Structures are given as structure tokens and as C-alpha cells.
Amino acid sequence: MMAVRNWDSETFEPKDGLARPRRGAVVDVGIWDLVQWAFQVEGASLNFDEVGMRYNVGIEWILIEQARLGCRPDGGGRSDPHPDADIVAAALTVLPEAYGGAGMAITIAECARTGRMPDCMPNAVARCAPRGWRRHKTGTYAEREYWTGPGRWPSTWLSDKYGYVCPVTYTGTAVDVGRARRAYLQWWSALLELRHCLSIGRSLSAFRLTDAMPRREPWKDKA
């Protein structure tokens with residue numbers, strides 16, 4: 001799953017309030033706020049069985065999810081989601097493969113439930129760090145290993161006391177940033193397609209979609 005970061009559609013500040021339907025009125029709302037309301041507030045869910053797709057999970061997955069939640073749900077009843085929330089979920093379920101299909105639908109739903117957008121790494125800084133650390137009575141040092149690969153001097157020139165290297169890892173590289181931003185743009189495009197589909201159908205009863213969208217390239221807005 002993609003990494004995520006909490007952004008508002010219009011600013012970089014986190015947003016607490018979500019749109020709510022009002023009796024006797026149609027509420028103007030952006031697509032991202034609408035999707036968050038559907039999955040986060042109304043508890044809508046994706047049902048791929050209706051379109052001929054089935055995702056089976058085993059007891060291992062259930063146990064892992066319970067451990068992640070820190071509790072074991074004991075069942076109980078709940079009210080049905082608002083009809084508009086079901087419409088949003090249904091439209092997301094049939095997201096075209098050109099926009100990521102079922103995989104992207106799940107990603108959008110999970111992001112909406114947590115109120116976060118995919119992390120496009122706007123403040124990424126390339127770093128080089130030791131792969132591991134070891135503790136010693138004199139302090140903490142980077143792990144090292146005896147190098148026997150290319151570039152090592154002949155063993156007759158060096159004793160076993162020399163020839164050690166420090167394995168390192170690189171983070172925040174151009175490859176990492178490019179991958180994250182491509183994933184963000186794919187997510188943004190899928191959200192735009194979802195807005196287009198819901199706008200054409202005009203099937204929402206409590207909301208009217210506006211042109212508001214999350215920023216397409218938020219990394220360009222850094223101060």
C-alpha cells in the first residue's frame with residue numbers, strides 16, 4: 001500500500017470537518033470530501049461480488065487485522081450507509097482498469113477512511129545511512145563486514161585486521177521520489193475519473209459535486 005500524508009484539498013493544513021447532508025438542501029462538495037464522508041463517516045464499503053470479483057481472506061488475515069486494531073470486534077448492529085455513500089462506493093467499485101481498477105479503488109477507499117492522501121514526498125531529502133548499528137561499551141557504531149567482493153586488494157597485501165566496509169542504504173533518492181509521485185498522480189487521475197462519472201449520472205440526492213480537487217502536483221507548492 002502506498003504511503004500517505006494528511007493534506008487538505010486546498011491547503012497543506014490538516015482538515016477536521018467533513019461535509020454532511022442537510023435536510024431540505026443540496027450541499028456543494030468536492031469529490032475528495034465526498035469520498036471521505038462516504039467511507040469515513042457513513043462506513044460505506046466496496047462490494048466487488050456485484051461485478052463478478054471476489055476477494056477471499058483467511059483466518060490469518062483476520063488475526064492480523066485484529067492485532068492492528070488492538071481489539072477484537074464483537075459484532076453488533078449498525079445502520080445502513082446513506083444512499084449517496086452507497087452510490088459513491090458503487091461507482092468506485094467499477095473504476096476502469098485504465099485508472100487502476102480494483103487495486104486503485106481499494107487504495108482510494110483506504111485513504112478516505114484514514115483521511116489522508118498518498119505521500120508524494122514533497123520534502124524528500126536524499127540520505128545515506130548505515131544499514132545497521134552495533135553497540136559497544138565505548139559507544140554505538142555502524143555495522144561493518146569483511147569485504148571479499150570486487151575491488152578488494154589481494155589478501156597477501158592486507159591482514160585480516162583491514163578490509164572492512166560499512167554497508168549503507170539510500171533513502172529519498174530520485175527513484176523513490178519518482179515512484180511516489182507517479183503513484184500520487186495515478187490516484188489523482190482516478191479521483192478525477194470518479195468525479196466525472198458521478199457528475200454525469202447526477203444520481204446524488206444530498207450533494208452536488210463541485211470542481212474542487214486535491215492539488216495535482218503539491219510538491220511544486222513548497223515554500
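## Salt bridges, aromatic rings and a buried helix

With a relative accessibility of 48%, Arg179 counts as partly exposed. Here buried means under 20% relative accessible area, exposed means over 50%, and partly exposed lies in between, using a 1.4 Å probe and protein chains only. This is a predicted model, in which local features need pLDDT of at least 70 and side-chain atom pairs count only at pLDDT 80 or more, while totals for chains, interfaces and linings use all residues. Residues are numbered from 1 along each chain as its sequence is written, and side-chain values use heavy atoms, leaving out hydrogens and water.

### Salt bridges

Let us stay with Arg179 for a moment. Its partner in a salt bridge is Asp176, a partly exposed residue with a relative accessible area of 22%. A salt bridge is counted when a side-chain nitrogen of Lys or Arg is within 4 Å of a carboxyl oxygen of Asp or Glu. Because Arg179 and Asp176 are 3 residues apart in helix α5, about one helical turn separates them. Helices (H or I, at least four residues) and strands (E, at least two) are DSSP runs, numbered from the N terminus.

The whole structure holds 5 salt bridges, including these:

| Salt bridge | Closest N to O |
|---|---|
| Arg113 and Glu110 | 2.8 Å |
| Arg179 and Asp176 | 3.4 Å |
| Glu217 and Lys220 | 2.8 Å |

Arg113 and Glu110 are both found in helix α4, 3 residues apart, or about one turn of the helix. Arg113 is partly exposed at 34% relative accessible area, and Glu110 is partly exposed at 29%. In the bridge between Glu217 and Lys220, Glu217 is partly exposed at 29%, whereas Lys220 counts as exposed, with 57% relative accessibility.

### Aromatic rings

Helix α5 also takes us to the aromatic residues. The structure has 4 aromatic pairs. Rings of Phe, Tyr and Trp (its six-membered ring) pair if their centres lie within 6.5 Å; planes under 30 degrees apart count as stacked, over 60 as edge-to-face and the rest as tilted.

One of the pairs is Tyr184 with Trp187: the ring centres are 5.5 Å apart and the planes meet at 45°, so the pair is tilted. These two residues stand 3 residues apart in helix α5 (residues 174-201), which places them about one helical turn from each other. Tyr184 is buried, at 1% relative accessibility, and Trp187 is buried at 0%.

Tyr184 pairs with Trp219 too, with ring centres 5.9 Å apart and planes at 80°, so this pair is edge-to-face. The pair connects distant parts of the chain: Tyr184 belongs to helix α5, Trp219 to the segment after β10 (207-209), and 35 residues separate them. Both Tyr184 and Trp219 are buried. Together with Trp32 and Trp187, these two residues make up one aromatic cluster.

Elsewhere, Arg144 sits over the face of Tyr164, 3.9 Å from the ring centre. For such a charge over a ring, NZ of Lys or CZ of Arg must be within 6 Å of the ring centre and within 35 degrees of the ring normal.

### Helix α1

Trp32, a member of the aromatic cluster, is also among the buried residues of helix α1. In this helix (residues 31-41), 9 of the 11 residues are buried, so the rest of the structure largely encloses it. Along with Trp32, the buried set consists of Ile31, Asp33, Leu34, Val35, Gln36, Trp37, Ala38 and Phe39. Their cover includes β2 (27-29), α3 (83-93), α4 (101-114), β3, α5 and β10. Just after α1 comes Gly43, with a positive phi of about 70°.

### Cysteines

There are 0 disulfides in the whole structure, a disulfide being a pair of cysteine sulfur atoms within 2.5 Å. Cys111 is buried at 5% relative accessibility, while Cys197 is partly exposed at 38%.

### Confidence

The predictor's confidence in each residue is its pLDDT, from 0 to 100. The protein has a mean pLDDT of 80, with 74% of its residues at 70 or more. Confidence is highest in strand β3 (residues 117-118), at a mean of 94, and lowest in strand β1 (residues 4-5), at 46. Residues 4-16 have pLDDT below 50, and the model gives this stretch 39 contacts beyond near neighbours in sequence; contact means heavy atoms within 4.5 Å. Residues 52-57 also stay under 50, with 5 contacts beyond four places in sequence.
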